[in-house]
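Me: I should be grateful for a close examination of a single part of this model, set in the context of the whole. Please concentrate on the open sheet and on what packs against it.

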Amino acid sequence: MEKNLQIQYLNEKYKKLDMLSKNQGLETWLVKEDCTGKLFILKEIMPELADIYRTLQSFPNKNLAAISQTVKSDNKCIVIEEYISGNTLEEIINNRNTNVQTAFNIIKQLLEVLIFLHGINIIHRDINPKNVMVSTDGIVKLIDFGIARKYKENSAADTTILGTEGFAAPEQFGFQQTDGRSDIYSLGVLFHLLLSGRIPEGNRCLNTEYKEFIQKCISLEPSLRYQSALEAYTSLVSMETTKRVNPVPGKPDKNPVCLPGFRSNIWWKKSIAISFYIIMVIYMCGMLYECSKTPVSFFLEFIALFSYIILAFIAATNCGNWTYRIWPVSRFDKSLKILIRIILFMLIFYYGVMLEEYVRYTMLGLPRSR
């Protein structure tokens with residue numbers, strides 16, 4: 001009785017604006033909260049899925065729709081979740097708004113959320129273009145846990161045979177129990193679709209970009225796939241790093257490692273950069289000469305200059321795209337990467353300057369400039 005009153009309260013609190021879908025008598029609505037005017041999604045789900053959604057509510061993630069309420073009754077469960085402004089991958093693919101780098105970034109974010117989901121024992125089981133969204137601020141969101149399940153240690157097979165044709169792993173059709181490797185299979189198919197515009201034929205990758213990665217993901221036998229989302233993520237990032245550092249001979253490097261000022265082909269930026277680098281070299285040579293009275297002072301001055309000029313410069317400018325190459329920084333979002341760069345720059349610069357002052361004024365007794 002109390003739960004029915006809670007469902008009635010939700011129906012009164014949220015005004016239904018538009019029915020988004022109806023499946024097996026369960027409805028999904030776009031709703032507006034009366035007191036705030038904010039948009040939400042109201043979903044009716046099967047009662048057995050309540051535990052999945054409550055777990056997701058307890059463990060929020062930026063790549064999932066935030067769940068604010070979950071109310072279960074005898075015959076159904078109502079979930080209130082975040083309204084995501086953006087487009088599904090199906091819409092993006094149909095509009096041909098993808099390229100290799102876009103596909104890589106989408107799959108990378110999906111692997112990050114799969115690492116999270118599998119860590120809390122949830123298998124999505126329905127990764128396909130309709131169930132992945134890219135929000136207006138560029139965040140990939142995995143949605144619709146309508147056939148998700150929790151892995152059971154001693155189960156031989158899934159109790160329900162479900163999945164989207166072409167994307168579902170073979171074991172989802174009754175051969176054995178699904179686990180995290182089933183999501184990896186679907187992700188491999190999705191990656192192939194993003195790169196080539198079609199799904200693999202007979203579980204054979206037909207695309208040259210990331211072929212080795214995709215082929216391993218879509219192996220028919222789960223034991224031949226990546227055994228975890230973390231393993232797949234590490235492999236994918238490693239492949240991207242190799243592509244950046246060792247481009248294909250005869251082809252332009254899509255992600256060249258360039259010094260700041262030479263990342264674009266603008267002459268005045270190059271001129272400023274060249275002037276800056278020349279001034280820095282002259283400055284460093286002059287400082288080293290002043291501190292060359294003993295081998296120790298020369299060495300320590302070199303370390304100081306290398307720290308507060310070169311290392312601090314690399315940290316601040318992201319020279320060599322190091323924030324996208326070094327784990328775990330490569331997993332962080334853009335704003336956190338910028339914060340890390342600022343903090344590293346300040347620390348390296350400060351301690352480099354302190355070391356130089358020690359060498360010049362304590363070790364060598366050089367006069368301080370007024």
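Reply: Contact here means that heavy atoms lie within 4.5 Å. On that basis, among contacts in the protein chain between residues at least 6 apart in sequence, 58% join residues at least 24 apart. The model is a predicted one. Its protein chain has 370 residues, of which 42% count as buried, and it contains 10 helices and 10 strands. The chain exposes about 20400 Å², and carbon and sulfur atoms supply 58% of that area.

The sheet itself may be taken next. Five strands make up an open sheet, arranged in the order β1-β2-β3-β5-β4, with antiparallel pairing. Its edge strands are β1 (14-23) and β4 (67-72), each of which pairs on one side only. From one strand to the next, the twist averages 20°.

At the β1 edge, β1 and β2 run antiparallel and are joined by eight bridges. Within this pairing, S21 stands opposite T28 in β2. The strand β2 covers residues 26-33 and includes E27. With a relative accessibility of 15%, E27 counts as buried, because the cut-off for burial is under 20% relative accessible area. The side chain of E27 is joined to that of W29 by a polar contact of 2.7 Å. Apart from its neighbours within four places in sequence, E27 is in contact with K16, M19, S21, K22, L42, K43 and E44. One of these partners, S21, is the residue that stands opposite T28. Another, E44, has I78 in β5 as its bridge partner.

That bridge leads to the other side of the sheet. Here β3 and β5 pair in the antiparallel sense over six bridges. In turn, β5 runs antiparallel to β4, and five bridges join the two strands. In this second pairing, Q69 stands opposite I80 in β5. Five of the six residues of β5 are buried, so this strand is largely enclosed by the rest of the structure. By contrast with β5, which has bridges to β3 and to β4, the edge strand β4 pairs on one side only.

A helix packs on this part of the sheet. Helix α2 (residues 50-58) lies across β3 (39-45), β4 and β5 (77-82), and runs at about 150° to β4. The buried residues in α2 are A50, I52, Y53, T55 and L56. These buried residues pack against β3, β4 and β5, and also against α4 (100-119), β7 (122-123) and β10 (149-150). The helix therefore counts five buried positions, given that burial means under 20% relative accessible area.

The cysteines complete the account. The structure holds zero disulfides. C205 is in no disulfide, and the nearest cysteine sulfur, that of C217, is 9.8 Å away. A disulfide would require the two sulfur atoms to be within 2.5 Å. C205 is buried, with a relative accessible area of 2%, and C319 is likewise buried, at 15%.

Note on methods
Residues are numbered from 1 along each chain as its sequence is written. This is a predicted model: local features need pLDDT of at least 70, side-chain atom pairs count only at pLDDT 80 or more; totals for chains, interfaces and linings use all residues. Side-chain values use heavy atoms; hydrogens and water are left out. Helices (H or I, at least four residues) and strands (E, at least two) are DSSP runs, numbered from the N terminus. Buried means under 20% relative accessible area, exposed over 50%, partly exposed in between (1.4 Å probe, protein chains only). A polar contact is a pair of N or O atoms within 3.5 Å; within protein, one must be able to donate a hydrogen and the other to accept it, and residues adjacent in sequence count only if both atoms are side-chain atoms. Two strands pair if DSSP finds at least two bridges between them. Axes are lines fitted to C-alpha atoms, for helices over the stretch in contact, and angles run from 0 to 180 degrees between N-to-C directions. Accessible areas come from the Shrake-Rupley method with a 1.4 Å probe; for residues, only the protein chains shown count as cover.
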